[in-house]
Amino acid sequence: MSEHEGTPAAPDTTSRLGRRRLLRAGLGAGGAVAALRLLPGRAWAAAPAGAPVPVPAADTPLPAAGTPQAWPDWARYARLADGTFNELADMQATVDTLKAQNVSVIELDTVLSDWLTDADFGTHMGLVKTFTGLAHAAGLRVVMYYPSLEVISPGGEKGPSFYKNDQGGAWVQRSLDGRPNVFYGSVVVWVGPGDESVWLSPNSPWRDYYLNRVKLLAATGVDGIWPDVPIYFDGVLTWCDASTWGTAAFKADTGLNLPKAADHGDPVFRRYVEWRHRNLNQWQLDIAAAARSVNPNVVVFSETVSMDYRYATSIGLDGAYLRQADAGISQVWEVDILGNYDGMRHATAADWTCLISMYKYARAASGSRPAWAFSYGWQPDDASLVLSQVIATGCNPYEVKTPFKNAGVDAAMRTRVYGFLRANQERIFDAVSLAQVGVYHSSASRDYVSPTEGNGMYVSVTPPAGVKDWWGGGEPAMSCASMPWLGEFRGTVKALVYGHVPFDTVTSPGLTAADLARFKVLLLPNLQAVSDAEAAVLRGFVSAGGTIVITGPNPTGMDELGGRRSEFALSDMLGLRKADPLPATGRNAYGAGTCWYVQALPGLSYLTSTDQASADQLLAPVRQSAPPAVTLAGDRRIFLEARRLGNDTVVHLVNFTNFGDIQVDFHTTPANCTLSYALPAGATVAAVTIASPDGTDPAPKPVPYTVTGSTVSVPLTVVQYSVVTVTVR
């Protein structure tokens, strides 16, 4: 045994990556675990060279958006697919193939994951420049994939590696007990047997090493850079970065010594949880700044695997922290699916609403910037339904076949759906939301309310018969239904989806009054952890006439770091005090608005039982204060989005009636429904059209309608996805 080998550490199976991701079967009982070997810790006792990287303090407001950047049309209307080349001769064929499939942006993924010398990196930049020129000549754009904190050394288990023979050993992330975040093959799909994967600290000199290479990449003429995995990887170790670099940065930013262990009862550990979010947020901003220092027109799309569920807590990457940072950076959201080799083919209806929740969160957390999102599928029919959901929520699809990312599911399906998107891009991406209802996603409550080992990505954790590599691995603790905060949030989303109520997610980091100005009702599922500034914004919303519905047993009873408050932060608005018994329900007038309170968790109840009484507790205030102008009579498993573009009201309908309360084989059943729209005062209907990717012609077609009084009604049959446009004059 060499000095670099040591006793294997058991991988942490409680929180798992998505497709760029842990092989879940390999992390259970079985042979893959035996292949994992963590290296022993080295003593890096010397103080880090240079000053720690500055990170804004916990109470410092996030960067203001200022004047919104005019994002280029190619990024706002992007239709994405993976492309690569092995030799020069492959380049033109790759470009031609993707262009024929109506792809507009190529994500170029070559060898930048690997340990490369400076000379090798420079040589490869010449090839990237050549490929980019060919793509530009064909009218396509190129965004270059480049992992930001991981280096893979092919053959590095027994041969030379970045960890053993270069700077990886000094710059590695470390767990709270000092172990290095490095492993060898068979743990994740992208690290082959015998290869080494080492995860670097963004607080170490790796920062300058990577940023200098980003500048070289920006100089090739690529249109964008796609930094992957800006995370504290937790596949084999948890709660990194306790390297000397991370320890010094945490001390400099907070004045505190790093906690010795993960203990949610320890206020220093809770501060560490939040600090990691800001630390990784700054890392992404620095990547964008480095790229744009060379090419002001280059944009950065950071691959973000953490969505609305608890995975952000464990890996540190909270995508909502970037929402207000308009510095040429946005996200590619890696929205995971149920089965590595089954996609969403055996989802339940509740699982589908979880998928809706993730895409809605992605669109919200990217703010005014383009939100690119993975669209995973296994076969053409399930792939096109997931694609429909991506597009309906206003995200730009990156169509790919699970579990990898180097090919699409079906060329004909991609060509058809991307052709529809191309023909209707303005009405899809330029329209603004008509939603008057917001659902509040609290990052702090996610982190600190009822900490759990699972991540809660979906409801169903047990795979159907014959299906392997299922996301939850049969572990009940993984389900969002087992988590009081997340289950309440997801169940609230389900109630709105089933009620055909247009809504938008509202993310908490950097919340301002302007974020709430367009809403009449804000739902606050199990909101417990809030800052004083956040509470002031919510109070101002109600005082000005808004309606809030807050649920749960401890409404605003924690501060933003999970500490116990002596009094509810919104006690005055709630009309409740901690010293008094909490009522089962309450309603309190505050200023010009109203605060509704429900002590129970009706969203969680509705998530698991679909009982109408629970839904009504959430929807009654909505119906009273913000009855939607667009309504739908039909199966509750038709998802509705409503937007406006000039004189057009654009309504998206996605049919997931093939999903039920239990897992069944995938099928598509066309759904009949009637769409109704309350016309604005004095308006008359000029036209009603429908467009769909389900057929061969993506162009909008006129459809029959009736007008009764001030309501226009449109009978429809939705196969998978339809876009209805009502034009008024």
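Modeller: Helices (H or I, at least four residues) and strands (E, at least two) are DSSP runs, numbered from the N terminus. This is a predicted model, where local features need pLDDT of at least 70 and side-chain atom pairs count only at pLDDT 80 or more, while totals for chains, interfaces and linings use all residues. Residues are numbered from 1 along each chain as its sequence is written, and side-chain values use heavy atoms, leaving out hydrogens and water.

Colleague: Happy to start with the empty space. What is the volume of the largest cavity?

Modeller: On a 1 Å grid over the protein atoms alone, a cavity is a set of points where a 1.4 Å probe fits but cannot get out. Points are joined across faces, edges and corners, and a volume is the space filled by probe spheres set on them. The structure holds four cavities of 30 Å³ or more, and the largest has a volume of about 80 Å³.

Colleague: Which element supplies the largest share of that cavity's lining?

Modeller: Lining residues have an atom within 4 Å of a grid point; of the 13 that line the largest cavity, the closest to its centre are Asp114, Tyr146, Val151, Trp206 and Arg213. At least two lining residues each come from β3 (141-147), β4 (150-153) and α7. The largest share, three residues, comes from α7.

Colleague: And by class, how many residues of that lining are nonpolar, polar and charged?

Modeller: Ala, Val, Leu, Ile, Met, Phe, Trp, Tyr, Cys and Pro count as nonpolar, Asp, Glu, Lys and Arg as charged, and the others, Gly among them, as polar. On that scheme, the lining of the largest cavity has nine nonpolar, one polar and three charged residues.

Colleague: Let's stay with α7. Which residues does tyrosine 209 touch, leaving out those up to four places away in sequence?

Modeller: Tyrosine 209 sits in helix α7. Contact means heavy atoms within 4.5 Å. With that sequence exclusion, tyrosine 209 touches Leu116, Phe162 and Trp171.

Colleague: How are α4 and α7 oriented to each other?

Modeller: Axes are lines fitted to C-alpha atoms, for helices over the stretch in contact, and angles run from 0 to 180 degrees between N-to-C directions. The axes of α4 (residues 118-137) and α7 (residues 206-218) come within 10 Å and cross at roughly 25°. Angles under 35 degrees count as roughly parallel, over 145 as roughly antiparallel, 65 to 115 as roughly perpendicular and the rest as oblique. The two helices, α4 and α7, are therefore roughly parallel.

Colleague: Which residues of α7 meet α4?

Modeller: From α4, the partners are Asp118, Phe121, Met125 and Val128. By class, this contact has five nonpolar, no polar and two charged residues. On the α7 side, the residues are Arg213, Leu216 and Leu217.

Colleague: Is the crossing of α20 and α21 left-handed or right-handed?

Modeller: The axes of α20 (residues 602-609) and α21 (residues 612-625) come within 8 Å and cross at roughly 140°, and the pair is therefore oblique. A crossing is left-handed if the near helix is turned anticlockwise from the far one by less than a right angle, and right-handed if clockwise. For α20 and α21, the crossing is left-handed.

Colleague: What orientation do α8 and α9 have to each other?

Modeller: Helices α8 (residues 244-254) and α9 (residues 267-294) pack with their axes 12 Å apart, at an angle of about 100°. The pair α8 and α9 is therefore roughly perpendicular.

Colleague: Which element gives the largest share of the lining of the largest pocket?

Modeller: A pocket is an open set of points with protein on both sides within 12 Å along at least five of seven lines. The largest pocket has a volume of about 990 Å³, and of its 33 lining residues, the closest to the centre are Arg363, Ala364, Gly367, Ser368 and Arg518. Elements giving two or more lining residues include α11 (349-365), α17 (513-516) and β14 (504-507). The largest share, four residues, comes from β14.

Colleague: Now the backbone. What is omega for the cis bond from threonine 402 to proline 403?

Modeller: Proline 403 lies in the loop between β11 (396-401) and α13 (411-423). Most peptide bonds are trans. The bond from threonine 402 to proline 403 is cis, with omega near 5°.

Colleague: Last one: what is the phi of serine 450?

Modeller: Serine 450 is in the loop between α15 (443-448) and α16 (484-498). Although not a glycine, serine 450 has a positive phi of about 50°.
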